[in-house]
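Visitor: I am in my first year, and I would like to look closely at a single part of a protein model rather than hurry over the whole of it. Could you please take one helix and its surroundings and lead me through them slowly?

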Amino acid sequence: MFVRFQSPLPGKRGVHTGVFGLTNLLGRSGQLTPDERAAWRSGNDWYNAAYPDPTDIDPTVYDEIVNPRASAWFKETATHLLERVPPYLEILRAHGVECVRVETGDPGRVIYEDAVQIVVVPHDPSASTSFHPTTW
């Protein structure tokens, strides 16, 4: 089983922006309170140290032409990563940004994998979505 937290609506690339992207948009646009900003930066720093960035291994992993609609998913066994998501969800909630939890056994064709995550391209990249989100 794989887990992803994302926007219920797709963005301009046709991908449902993930929880980190949604929070990064708020942070980079200066919309966070000082406490939210500290939590966001601390969380991002922790995640950056906790697991590999797929683009360090394959710079084309999120390339729109090579891998259309690629998205990253946590492995359900990555509990140490999943348990640190709630502060991001709290920030999004405080700003009225909707985020849903999606779980599936088959999110798409795996183009990258490590011990805690996969990056996939949907089986049908022309479809608006290849899964049905459930609200977290």
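Guide: What follows is a walk that begins at one helix and moves outward through its neighbours.

Before we begin, please keep in mind that this is a predicted model, and that residues are counted from 1 along the chain. Our part is helix H5, which runs over residues 86–94. Which residues of this helix are buried? They are Tyr88, Leu89, Ile91 and Leu92. If you look down the axis of H5, these buried residues fall within an arc of 160°, and so they line one face of the helix. It helps here to recall that an α-helix has 3.6 residues a turn, so that residues three or four places apart point the same way. The elements that cover the buried residues of H5 include strand S1 (2–6), helix H1 (19–28) and H2. After the helix comes Gly96, which has a positive phi, near 70°.

Let us now turn to one of those covering elements, helix H1. This helix is mostly covered, since seven of its 10 residues are buried. The buried ones are Val19, Phe20, Leu22, Thr23, Asn24, Leu26 and Gly27. Among what covers them we meet H5 again, together with S1, H2 and S2, while H1 itself takes part in covering the buried residues of H5. H1, too, is followed by a glycine with a positive phi, namely Gly30, where the angle is near 75°.

The aromatic rings give us another way to follow these connections. A pair of aromatic rings is described by the distance of the centres and the angle of the planes. The model has seven aromatic pairs. In one of them, the rings of Trp46 and Tyr47 have centres 5.1 Å apart and planes at 85°, and the pair is edge-to-face because that angle is over 60 degrees. Tyr47 is buried, with a relative accessibility of 5%, whereas Trp46 is partly exposed at 27%. Ring pairs join these two residues into a cluster with Phe20, Tyr51, Phe74 and Tyr88. You have already met two members of that cluster, for Phe20 is one of the buried residues of H1, and Tyr88 is one of the buried residues of H5. Trp46 also has a charged neighbour: the charged end of Arg84 sits over its ring, 4.0 Å from the centre.

Helix H2, which covers residues 34–50, deserves a look of its own. Here the side chains of Arg41 and Asp45 meet in a salt bridge, with 2.8 Å from N to O. The two residues are four places apart in H2, which means that about one helical turn separates them. Arg41 is partly exposed, at 31% relative accessibility, and Asp45 is partly exposed as well, at 46%. The charged end of Arg41 also sits over the ring of Trp40, 5.0 Å from the ring centre.

How many salt bridges are there in the model? The count is three. Besides the one in H2, there is a salt bridge between Lys75 and Glu113, whose closest N and O atoms are 2.8 Å apart. This pair links distant parts of the chain, with Lys75 in strand S2 (residues 71–75) and Glu113 in strand S4 (residues 109–113), 38 residues away. Lys75 counts as buried, because its relative accessible area of 16% is under the 20% cut-off. The remaining salt bridge joins the side chains of Arg101 and Glu103, at 2.5 Å from N to O; Arg101 is partly exposed at 27% relative accessibility, and Glu103 is partly exposed at 41%.

Finally, let us visit two loops. Asp53 lies in the loop between H2 and H3, is partly exposed at 37% relative accessibility, and makes a polar contact of 2.7 Å through its side chain with the side chain of Thr55. Asp53 and Asp114 are 61 residues apart in sequence, yet their C-alpha atoms are 9.8 Å apart in space. Further along, Arg69 sits in the loop between helix H3 (54–57) and S2. Arg69 has a positive phi of about 65° although it is not a glycine, and this residue is partly exposed, with a relative accessible area of 22%.

Notes. Predicted model: local features only at pLDDT ≥ 70, side-chain atom pairs only at ≥ 80, totals over all residues. Heavy atoms only, no water. Phe/Tyr/Trp six-rings, centres within 6.5 Å; stacked < 30°, edge-to-face > 60°. Buried < 20%, exposed > 50% of the residue type's maximum accessible area, 1.4 Å probe, protein only. Lys NZ or Arg CZ within 6 Å of the ring centre and 35° of its normal. Salt bridge = Lys/Arg side-chain N within 4 Å of Asp/Glu carboxyl O. Arc of directions from axis to C-beta. Contact = heavy atoms within 4.5 Å. Polar contact = N/O pair within 3.5 Å; in protein donor to acceptor, adjacent residues only side chain to side chain.
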